[in-house]
Amino acid sequence: MPGLSKKGLSMPASPIRKLVPFAEAAKKRGVEVIHLNIGQPDIKTPKGALDAVRNAPIEVLEYSRSEGNESYRIKLAAYYTRHGIEVTPEEILITTGGSEALSFVMGCIADPGDEIIIPEPFYANYNGFSVANGVKVVPLASDISDNFALPPVESFEDYITPRTRAILLCNPGNPTGYLYSREEVRQLADLVRKHDLFLIADEVYREFAYDGKKHYSILEEPGMEAHAIVVDSVSKRYSMCGARIGCIVSRNAALMAVCLKFAQARLSPPTLAQIASEAALDTPDSYFEEVIREYTSRRDLLLEELSKIKGIRIARPQGAFYCMVELPVEDADHFAQWLLEEFQWEGATVMVAPAAGFYATPGLGTREVRIAYVLEKAQLKKAVQILRQALEIYPG
């Protein structure tokens, strides 16, 4: 057969989704699979967003503008203003999910062989986006022993080369739940200005901050007009993962002009999903207050139950809805597959995301898994009980 591209063959498999065939096989055997592997919230999507689609007076489902509907971008700019981020609709470009937003950004700022520094562990698909764009990820390791705190900012300078184009953060972090402080953001802002780099922030979990902490956006930092790029999405904020609506936000007019050319090449973001996303912006603050209370409660229960398992280490999340856990196993990939293929307790098993795929450095994260606490508390408690029983008999 004709040969395949080196780029395609080097695309990494998703650690979040690669075990799906084993999960489906387990379900066909009658085993209940509790999904801790994927950040799909069970929180209901705001009714107003769904009603907006149901009631949309559409006779022809047309293309939208390549940069997204103007009415949506106007309301989105007002949303950011409420969060202390002054931007105009022209400084927002709507994308097909946060994934397309980040892929567009990489394509706009980096040529093949250029480098982006990313603290690891990081959202696994950053590896895929970088391969697709010919970009080299330069990882800077953080560690579970200090809750995956940002490495000292001065250590970033050791990794900056003439090919470095940007530093990329996920804030709050996926998979770690780490929330970058205002001071850390300011230190990174100083660094990118000093070296004339971009600072990209994936801020899709902005609302999910716990223990009285508040998210600080890179767009709140003064003097970053040329450097700051935010990637955002409705997926987690409004429990609308299937809408596939995200955006790029930047005050850098030259960058946004190039982003628009990428957007024009893919024509337009989905029309119905933009209608839902625009309506979701009318969601009252009480919705988020309730959601934060629920996720805080789930997090606390998860940490309490996990702490009862001998031989594990846990990072305490400050944001998002993920928890990184180091297990007393040598190969978390093997353990995760074994859970689905060979183990059940009272007719059920669990599916976790092996954490090695959230690193770019070979050998890191091999004993860790990411747990998404997006299920109601009874299921979370049951899942940890299953995990404890499995670890007691796991032969690996």
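**Exercise 1. Is Arg-316 buried, partly exposed or exposed, and what is its relative accessible area?**

Solution. The structure is a predicted model, in which local features need pLDDT of at least 70 and side-chain atom pairs count only at pLDDT 80 or more, while totals for chains, interfaces and linings use all residues. Residues are numbered from 1 along each chain as its sequence is written, and side-chain values use heavy atoms, with hydrogens and water left out.

Begin with the classes: a residue is buried under 20% relative accessible area, exposed over 50%, and partly exposed in between (1.4 Å probe, protein chains only). Arg-316 has a relative accessible area of 42%, so the residue is partly exposed.

**Exercise 2. Find the salt bridge between Asp-211 and Arg-316, and state where each residue lies.**

Solution. A salt bridge requires a side-chain nitrogen of Lys or Arg within 4 Å of a carboxyl oxygen of Asp or Glu. The side chains of Asp-211 and Arg-316 meet this rule with an N to O distance of 3.9 Å. This pair links distant parts of the chain, 105 residues apart: Asp-211 is in the loop between strand 6 (198–202) and strand 7 (228–233), and Arg-316 is in the loop between strand 9 (313–314) and strand 10 (322–326). Helices (H or I, at least four residues) and strands (E, at least two) are DSSP runs, numbered from the N terminus. Asp-211 is partly exposed, with a relative accessible area of 42%.

**Exercise 3. Describe the salt bridges of Lys-194 with Glu-157 and of Arg-193 with Asp-190.**

Solution. Take Lys-194 to begin with: its side chain meets that of Glu-157 in a salt bridge of 3.2 Å, N to O. Here too distant parts of the chain are linked, since Glu-157 is in the loop between helix 7 (153–156) and strand 5 (164–170), whereas Lys-194 is in helix 8 (residues 182–195), 37 residues apart. Lys-194 is exposed at 57% relative accessible area, and Glu-157 is partly exposed at 31%.

Next, turn to Arg-193, whose salt bridge with Asp-190 has its closest N and O atoms 2.6 Å apart. Both residues of this pair lie in helix 8, three residues apart, about one turn of the helix. Arg-193 is partly exposed with a relative accessible area of 29%, and Asp-190 is partly exposed with 45%.

Finally, place these pairs in the whole: the structure holds 23 salt bridges, and a network of salt bridges links Glu-203, Arg-206, Glu-207, Asp-232 and Arg-237.

**Exercise 4. Which strands stand at the edges of the open sheet with the order 9-10-13-12, and why is one side of each left without a neighbour?**

Solution. Two strands pair if DSSP finds at least two bridges between them. The open sheet has four strands with antiparallel pairing. Strand 9 and strand 12 (353–354) stand at the edges, and because each has a single partner strand, one side of each is left without a neighbour in the sheet. Strand 9 is joined to strand 10 by two bridges, and these strands run antiparallel; Val-325 in strand 10 is the bridge partner of Ile-314.

**Exercise 5. How many helices and strands are there in the chain, and what percentage of the residues counts as buried?**

Solution. Count the elements: the chain has 13 helices and 13 strands. Then consider its 396 residues, of which 57% count as buried. To complete the description, note that the C-alpha trace spans about 60 × 60 × 55 Å along its principal axes.
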